[in-house]
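Me: Hi! I've got a protein model open and would love some help finding my way around. Could we go through it piece by piece?

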Amino acid sequence: MLISLNWLKDHVDLSGLSNSELSDILTFAGVEVEGIEEQGISTDLVVVAEVKQAEQHPNADRLKVCQVDAGEDQLRQIVCGASNYKVGDKVPCALPGATLPAGFTIGETKMRGVESRGMLCAASEIGLHDEVDGLMILPSDWTTGTPVANHVESDTIFEIEVTPNRPDLLSHYGMAREVAALTGRELKNHETSTPSTAPAGDAVSIDGQETCKLYTALRINGVKVSESPEWLRTKLEAIGLRPINNIVDITNFILHEHGQPLHAFDAAKVTGGLHIRNASDDESFDALDGESYPLRTNDCVISDESGNALALGGIMGGEDSGVTETTTDIILESAWFHPPSIRATSRRLNLMSDSSYRFERGVDPGNVLSASAAAAKLILELAGGSAAGNTLAQGAEPVLTQPVQLDADRLAQMVGDSISLEDASAALERLGLAPLGDNKWDIPSYRADLQRHVDLAEEIVRVAGLDAIPSRLQARPAAPSTADDLYDHALDLKKQLAALGFFEAQTIKLISDEQTNDALPLRPLQDGDLIRVSLPLSEDHTTMRPSMAPGLLTTASRNSRQGAKSLRFFESGRCFRNAGGGKASDLETEQLGLLMSGAAGAEAWNSGENRTFDAFDLKGVLSSLLPGHTVQLESTKAGAFLLSAKITVNGKPLGSLAQLSPTRGRQLDLDDPVYLAELDLSKVLALRSADRKVRELPQFPGSTRDAALDAPATLSNAEIEKVLSKLNEPILVSSTCFDVFSDPTGEKLAADRKSIAYSFFYRHTERTLTGEEVDQAHAKVLAHLTKALPVSFR
């Protein structure tokens, strides 16, 4: 939100406060200042100059060579490309050395061979708003040679990020109220009045009281729609709004002055009374932005007796009911709409406005009538006309606040007695709260966020400032706990992954519907397992992530587009899902996700062609994370992936591994194969934290024997490893697969067969083995494999 400092000064005295000091005060009080922009002319080297002569440039058709009087002893020659001026006009002249808002400094130069000693300026070039195309034509009574800054008003614009719980700050008066409370300065009188109201009867009807609790309408006849006065245009332009006409500008002014959105209907385009209702299924709405929007039954519309939708409640007016130059009678709307309803419609239609921004956060219900009265007063002053009776009201003002008890003992404990109860009470009164006795406080209608003692305590500390609370050490060392151990083990895991070349990713826990197809959950998802957000902020954040894979793929895609050749990422965090098709709900698990893709090594002059990562690289990483444990992959249904496998450790499931399909990879600009793994983090940490057994280094040499297995092409290495793990052969230390051969043509080996070469290592812990002993053990291994598997040995 943009706040004009000049506008703010209408309500609070800011003398003696620099822009940086005001920014610090707001920031330390929790009101984030995202930017400060100076508007107006910040240099005295832009002066009033009178054009004395303008002749055609000898070498350019669209340039003129001007002689201008800038208040100096002699005329100054300047080449100019504008055409909207004449001899005798006074215009801004930037002298050499002047730095303009665009960031460049004016100097003396030659343009097409003709000397130019300065620059004649348009309004936008010196930090003002353009009203004409070309040079800014100044009033004839301005003295030649005087700085233009002496004649125009400058301003400072603060860009404020207001948190959703503080809608009371979404206006200049609300922000002034906050500044006055934080600085102890007096808040200037804010003229407000509550107009006389009358029952609306049939003139206004509400169906669905939950969406619109209060709706008011005031008819004003005989208005003259015209251009707004300069003071009103200046205020709106300062915060980036384009003036339209006096009626529309007044409603925009009241929105940014009071924080209450208003809307003005052309009464001639309204048939009968106003009807606030829910839209029908097949209804559409033509908005002021020129777009047509399909509506649903939970959308609120303002219609007339004919059924035509005049406005989308709390969001935007209709294209056919707005005020134009021919309008003479208007109906002024001021209402209170239910924030979740407005938020849902606005997000679904992707239709945001200044009105919806405020209604979806919650406007002050006590301001509905007073804002309408302030707008009506301005309309009668600036557009003429007369009010046709009292303001019609339908519904009642919702009560959003209730008295809150301040616990003095808890406050003293929290601030260490650094803020007295008297100072705390004074801070709350400065914020607009009223004492009811016995530390109970009446909460104003614009502070619906204050509901508990802790809310009052936070406000007291905000006003007093954190500097008012001395630092102290009260904590005592605690004995190590299981949580501490888990944290340490998780940190060690991350350090090891970083040492293996992985980068840690941190992604948002919300994903889009499309990204759910990238999920690699520990258990397959069923219908109803996904947890969806009721009112998502955007289409990219509709679902609680059931897996780490979607976030890792997004990270890999972004890095690939930036030119990264080798991708290694990991992320640990919480995943969310229901289970059993939604029978069990709100299950949260800590998971570890890994991703590998691209070049397996760095390019070097002394290495051959770089290979890319494969699934066994990822398996090797898993094995390194779990030393002393047997990691195996068991093939499963691939689903949306090209390949998929269950990860087991010591025969027990630990997670999933998959290769992304090439089609999906191309959509993400990932040209190389992408491998993902998803692990149950709690199980990983338990395995890593278990006591490790240390074995004495072997003292005797070992011996190896190789064997070539003739096996079916479908036989997996995991099956062979599982059979070997069940063999009770004490001197067999390890077995390693070092070669696989197959021949799809069937010439050297049947097409449905493959040859797997294994190396077996034998050693005794207490003596040197003889060749005969090794041969006997090796024969036992081969016999065991032949019996348990459909294999033979070549």
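**A first look around**

Reply: Happy to! Let's start with one pair of residues: Glu 108 stands opposite Arg 117 in S8.

Me: What do S7 and S8 do together, and over how many bridges?

Reply: S7 and S8 pair in the antiparallel sense, over four bridges. Two strands count as paired if DSSP finds at least two bridges between them. The names come from DSSP runs numbered from the N terminus: helices are H or I runs of at least four residues, and strands are E runs of at least two.

Me: Where do the numbers come from, and what kind of model is this?

Reply: Residues are numbered from 1 along each chain as its sequence is written. This is a predicted model, where local features need pLDDT of at least 70, side-chain atom pairs count only at pLDDT 80 or more, and totals for chains, interfaces and linings use all residues; side-chain values use heavy atoms, with hydrogens and water left out.

Me: What pLDDT does the protein chain average?

Reply: The average is 91, and 99% of the residues score at least 70. pLDDT is the predictor's confidence in each residue, from 0 to 100. Among the elements of the chain, strand S27 (residues 503-504) has the highest mean, 97, and strand S11 (residues 197-199) the lowest, 85.

Me: Back to that pair of strands. What sits in the turn between S7 and S8?

Reply: S7 and S8 form a hairpin with two residues between them, and Arg 112 is in the turn. Arg 112 has a positive phi of about 55° although it is not a glycine.

Me: Is Arg 112 buried or exposed?

Reply: Arg 112 is exposed, with a relative accessible area of 54%. Buried means under 20% relative accessible area, exposed over 50%, and partly exposed in between, using a 1.4 Å probe and protein chains only.

Me: Where else does a residue that is not a glycine have a positive phi of about 55°?

Reply: Asp 438 is one. Asp 438 lies in the loop between strand S25 (434-437) and strand S26 (440-442), and at 72% relative accessibility it counts as exposed.

Me: Which sheet has S25 and S26 in it?

Reply: An open sheet of three strands, in the order S24-S26-S25, with antiparallel pairing. Its edge strands are S24 (404-405) and S25, each pairing on one side only. Two bridges join S24 to S26, and the partner of Val 404 in S26 is Trp 441.

Me: Cool. Which five strands form an open sheet?

Reply: They come in the order S5-S4-S3-S6-S9, and the pairing is antiparallel. Strand S5 (76-80) and strand S9 (119-120) stand at the edges, each with a single partner strand, so one side of each is left without a neighbour in the sheet.

Me: What about S4 in there? How many of its residues are buried?

Reply: Five of the six residues of strand S4 (residues 64-69) are buried, so S4 is largely enclosed by the rest of the structure. S3 and S4 pair over six bridges, with Ala 54 opposite Cys 66. On to S5: S4 and S5 pair over five bridges, and Lys 64 has Cys 80 as its bridge partner in S5. S4 and S5 also form a hairpin with six residues between them, where Gly 71 in the turn has a positive phi of about 80°.

Me: You mentioned cysteines. How many disulfides are there?

Reply: Zero. A disulfide is a pair of cysteine sulfur atoms within 2.5 Å. For Cys 66, the nearest cysteine sulfur is that of Cys 80, 5.2 Å away. Cys 66 counts as buried, at 0% relative accessibility.

Me: New topic: where is Ser 547, and what does its side chain reach?

Reply: Ser 547 is in the loop between strand S29 (543-544) and helix H13 (549-561). At 1% relative accessibility, Ser 547 counts as buried. Its side chain reaches the backbone nitrogen of Ala 549 at 3.0 Å, and a polar contact of 3.1 Å joins the side chains of Ser 547 and Glu 678. A polar contact is a pair of N or O atoms within 3.5 Å; within protein, one must be able to donate a hydrogen and the other to accept it, and residues adjacent in sequence count only if both atoms are side-chain atoms.
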